[in-house]
Amino acid sequence: MPAGKKIIKKITTHVLQEMKQKGEKISMLTAYDYSMAHIIDNAGIDVILVGDSASNVMAGNETTLPITLDQMIYHATSVVRAVDRALIVVDLPFGSYQGNSKEALQSAIRIMKESGAHAVKLEGGQEVKESIERILSAGIPVMGHLGLTPQSIYKFGTYTVRAKEQMEATKLMEDAKILEQTGCFAVVLEKIPAKLAENVASEITIPVIGIGAGGGVDGQVLVLHDMLGINKEFSPRFLRRYADLYGSMTTAVKNYIKDVKTMDFPNKNEQY
Ligand code: KIV
C-alpha cells in the first residue's frame with residue numbers, strides 16, 4: 001500500500017447485516033453525480049443510492065418512469081468514481097426488469113459491469129420474485145423496495161401513504177418476507193404507517209431502510225436534494241431539511257451577478 005494512504009473500512013452488504021444485528025442505524029442518501037457523491041461519502045454516509053429519482057431531481061421529469069438504463073448507468077458511473085467507503089446501490093429503471101427475468105438479469109449485469117456499482121434495487125414483491133432470483137444467481141446483490149413504489153404511480157394514482165388498509169398491509173408483510181427468503185440483502189419501505197414498518201423490521205432478518213416509514217426501522221434514506229433544501233417544491237411530512245441550499249445558492253448567484261455588473265469582480269488579485 002502506498003505510504004500515507006488511509007485504510008478505509010468499506011461498507012458491504014455483510015456490514016449492513018451486522019449493523020442490524022447490533023442495532024446500529026444505517027444512513028442512506030441518494031446521489032447522482034461525482035461532486036455530491038464525493039461530499040456525502042467523505043461525510044461518512046453508509047449507503048449511496050443512485051436512485052431513479054434522478055429522473056425528477058436531475059432531469060425535471062414529473063415521474064421516475066422516463067429515465068433509461070443508459071442514463072442510470074451514466075449517473076452510477078459518476079458516483080462510483082467519487083466513492084471510497086459507501087456501498088453503492090443503483091435503481092433498475094422502469095421497463096428494465098418487469099418484462100421478463102432474463103431482461104432483468106441483462107439490465108443488472110450492464111449496471112454492474114459498466115458502472116462498477118455494488119448492488120441493484122428494484123421495486124415490488126411477489127411479482128418480481130423471478131427477476132430477483134435470476135439476478136441473485138449471477139452473484140449480484142439485490143435491495144427490494146415496497147410500499148409507495150414510484151414506478152407504479154399510474155396504478156396508485158397518488159403519492160399518498162400506502163398500506164393503511166389491512167389487506168394492503170398484509171400483502172406488504174408477505175412481500176417483505178418473500179424478498180427476505182429470495183435473498184435480498186435489504187429492503188426499502190416507502191411512505192407506510194410507522195407501526196407496520198416497525199413490525200416488518202422485527203419480523204425479517206435483513207435490514208429495513210425507511211423513507212416516510214417512521215423510526216422503528218433499521219435505517220433511513222432521503223433524497224439528497226430534498227434534505228439539502230435544493231428542491232423547494234417537495235415538502236412531505238417525513239422530510240427534514242438540513243440546509244437551505246436553494247436560499248444560499250440564490251444569494252451567492254445574486255452576489256456574483258451584482259459583482260460582475262458593478263465591475264467589482266474580478267479585482268486585481270483575481271487576474272493574471
Ligand atoms: O429513487 C429513489 O430516490 C428512491 C428512494 C426514494 C428510496 O428509490
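## Burial and a salt bridge at R162

A residue is called buried when its relative accessible area is under 20%, exposed when that area is over 50%, and partly exposed in between. In this predicted model, R162 has a relative accessibility of 14%, so R162 counts as buried. Its salt-bridge partner is E168, and the closest N and O atoms of this pair are 3.1 Å apart. E168, by contrast, has a relative accessible area of 28%, which places E168 in the partly exposed class.

R162 also appears among the surroundings of F156, a residue that is found in helix 7, which covers residues 153-156. If the neighbours within four places in sequence are left aside, F156 is in contact with G147, L148, T149 and R162. For another view of where F156 lies, one can take S101 as a reference point: the two residues are 55 residues apart in sequence, and their C-alpha atoms are 24 Å apart in space.

## Strand 1 and its two partners

Strand 1, which consists of residues 26-30, is mostly covered, since 4 of its 5 residues are buried. It runs parallel to strand 8, made of residues 219-222, and 4 bridges join these two strands. Within this pairing, S27 has Q220 of strand 8 as its bridge partner.

Strand 1 is also paired with strand 2, made of residues 47-50, again in the parallel sense, and here the pairing extends over 3 bridges. In this second pairing, M28 stands opposite V47 of strand 2. As general background for reading such pairings, the side chains in a regular strand alternate between the two faces of the sheet. Helix 2, which covers residues 34-42, forms a right-handed β-α-β unit together with strand 1 and strand 2.

## Helix 4 against helix 5

Helix 4 and helix 5 pack with their axes 9 Å apart and at an angle of about 35°, and the crossing of helix 4 past helix 5 is right-handed. On the side of helix 4, the contact is made by L69, D70, I73, A76, T77 and V80, while helix 5 contributes S107, R110, I111, E114 and S115.

## A network of charged side chains

Side chains of opposite charge can pair when their charged atoms come close. The count of salt bridges in the model comes to 13, and one of them is formed by D70 and R110, whose closest N and O atoms are 2.6 Å apart. Because D70 lies in helix 4 (residues 69-82) and R110 in helix 5 (residues 101-115), this pair ties together parts that are 40 residues apart in sequence. Both partners are partly exposed: D70 has a relative accessible area of 49%, and R110 has a relative accessibility of 28%.

R110 forms a salt bridge with E114 as well, with the closest N and O atoms 2.7 Å apart. E114 and R110 are 4 residues apart in helix 5, so about one helical turn separates them. E114 is again a partly exposed residue, with a relative accessibility of 39%. Taken together, D70, R110 and E114 are linked in a network of salt bridges, and these three residues also belong to the contact between helix 4 and helix 5.

Terms used:
Residues are numbered from 1 along each chain as its sequence is written. This is a predicted model: local features need pLDDT of at least 70, side-chain atom pairs count only at pLDDT 80 or more; totals for chains, interfaces and linings use all residues. Side-chain values use heavy atoms; hydrogens and water are left out. Buried means under 20% relative accessible area, exposed over 50%, partly exposed in between (1.4 Å probe, protein chains only). Two strands pair if DSSP finds at least two bridges between them. A crossover is right-handed if, with the strands pointing away from the viewer, the path from the first strand over the helix to the second runs clockwise. A salt bridge is a side-chain nitrogen of Lys or Arg within 4 Å of a carboxyl oxygen of Asp or Glu. Contact means heavy atoms within 4.5 Å. Axes are lines fitted to C-alpha atoms, for helices over the stretch in contact, and angles run from 0 to 180 degrees between N-to-C directions. A crossing is left-handed if the near helix is turned anticlockwise from the far one by less than a right angle, and right-handed if clockwise.
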